[in-house]
Amino acid sequence: MAEMKNTNSTGQAMMRMISGIAVLVVLTALLYFAAPDSFYLWAKAIHILAVISWMAGMLYLPRLLVYHADAEKGSVQSETFKVMERRLLRGIINPAMIVTWVFGLWLAWKGFGFQGGWLHAKIGAVLLLSAMHGYLAGAVRKFAEDRNEKPARHWRMINEIPTLLMIAIVILVVVKPF
């Protein structure tokens, strides 16, 4: 019964995510055709909002994993963390990453023609952040199956990686050092 409920909520979450992205695509297309001269600025604003959402989740999820690692497997607390982690990942982090990449690549092409050492370094750092995202998604899956073998200390150290990548990305975008 619990597995059926989990499958159903997973399907519902997936439908909500797809619906949300579809609405964003439609609104973006309308904005593009209604105000093509100001679309670049709108795209930049949407990209920044998506980055903020993605980073908020990427900073919070490892913290949840720290606490979850200390919770007893099968406990009410552990089960609550599983729900929180799954909802955070599927409802915020995944869609925000997708929107970040879509608008970021469009901005890199439209605004800079994919030129500039700083831009290449930024894309490299975002690739690393995406890899970190994948690592955390795998961790959420392991925790959901009660297969985590890493201590809370590991997740505390992992928690610093998104912060360091964020600092590098912001400096590259603002300062454009090369």
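Modeller: A residue counts as buried under 20% relative accessible area, as exposed over 50%, and as partly exposed in between. The structure above is a predicted model, and I will use that scale for its residues.

Colleague: Is K176 buried, exposed or partly exposed?

Modeller: K176 is found in the segment after helix 6, and it has a positive phi of about 45 degrees although it is not a glycine. Most residues other than glycine have a negative phi. The relative accessible area of K176 is 36%, and because values between 20% and 50% fall in the middle class, K176 is partly exposed.

Colleague: Where is F114 placed?

Modeller: F114 is another residue other than glycine with a positive phi, in this case near 55 degrees. With a relative accessible area of 34%, F114 is partly exposed. As for its place along the chain, F114 lies in the loop between helix 3 and helix 4.

Colleague: What pattern does the protein chain follow when read along the sequence?

Modeller: The protein chain contains six helices and zero strands, and its C-alpha atoms fill a box of roughly 55 × 35 × 15 Å, taken along the principal axes. Read along the sequence, the pattern is therefore written with helices alone, as α-α-α-α-α-α.

Colleague: How is helix 3 oriented relative to helix 4, roughly parallel or roughly antiparallel?

Modeller: The axes of helix 3 (residues 76–112) and helix 4 (residues 117–144) come within 11 Å and cross at roughly 165 degrees. Because angles over 145 degrees count as roughly antiparallel, helix 3 and helix 4 are roughly antiparallel.

Colleague: How many residues in the contact of helix 3 with helix 4 are nonpolar?

Modeller: Helix 3 passes helix 4 in a left-handed crossing, and the residues that meet there include L89, I93, M97 and W101 in helix 3 and I123, V126, L127 and H133 in helix 4. Alongside three polar and three charged residues, the nonpolar ones in this contact number 15.

Colleague: How many charged residues are there in the contact of helix 4 with helix 6?

Modeller: Helix 4 and helix 6 pack at an angle of about 160 degrees with their axes 9 Å apart, which makes helix 4 roughly antiparallel to helix 6. The contact is made by residues including W118, K122, L129 and M132 of helix 4 and I161, P162, L165 and I169 of helix 6. These contact residues divide into 13 nonpolar and no polar, while the number of charged residues is one.

Colleague: Which helix supplies the largest share of the largest nonpolar core?

Modeller: The largest nonpolar core has 29 residues, and those with the most contacts inside it are W54, M58, L61, I93, L129, L136 and W155. Helix 2 (39–70), helix 3, helix 4, helix 5 (152–158) and helix 6 (160–175) each supply at least two residues of this core. The largest share, nine residues, comes from helix 4.

Colleague: Which residues does M58 touch, not counting those up to four places away in sequence?

Modeller: M58 is among the residues with the most contacts inside the largest nonpolar core. Leaving out residues up to four places away in sequence, M58 touches I93, L129, M132, H133, L136 and P162.

Colleague: Does N159 count as buried or exposed?

Modeller: N159 sits in the loop between helix 5 and helix 6, where it touches L59, P62 and R63, not counting residues up to four places away in sequence. Its relative accessibility is 11%, and since this falls under the 20% cut-off, N159 counts as buried.

Notes. Residues are numbered from 1 along each chain as its sequence is written. This is a predicted model: local features need pLDDT of at least 70, side-chain atom pairs count only at pLDDT 80 or more; totals for chains, interfaces and linings use all residues. Side-chain values use heavy atoms; hydrogens and water are left out. Axes are lines fitted to C-alpha atoms, for helices over the stretch in contact, and angles run from 0 to 180 degrees between N-to-C directions. Helices (H or I, at least four residues) and strands (E, at least two) are DSSP runs, numbered from the N terminus. Angles under 35 degrees count as roughly parallel, over 145 as roughly antiparallel, 65 to 115 as roughly perpendicular and the rest as oblique. A crossing is left-handed if the near helix is turned anticlockwise from the far one by less than a right angle, and right-handed if clockwise. Contact means heavy atoms within 4.5 Å. Ala, Val, Leu, Ile, Met, Phe, Trp, Tyr, Cys and Pro count as nonpolar, Asp, Glu, Lys and Arg as charged, and the others, Gly among them, as polar. A nonpolar core is a set of buried Ala, Val, Leu, Ile, Met, Phe, Trp, Tyr and Cys residues joined through side-chain atoms within 4.5 Å. Buried means under 20% relative accessible area, exposed over 50%, partly exposed in between (1.4 Å probe, protein chains only).
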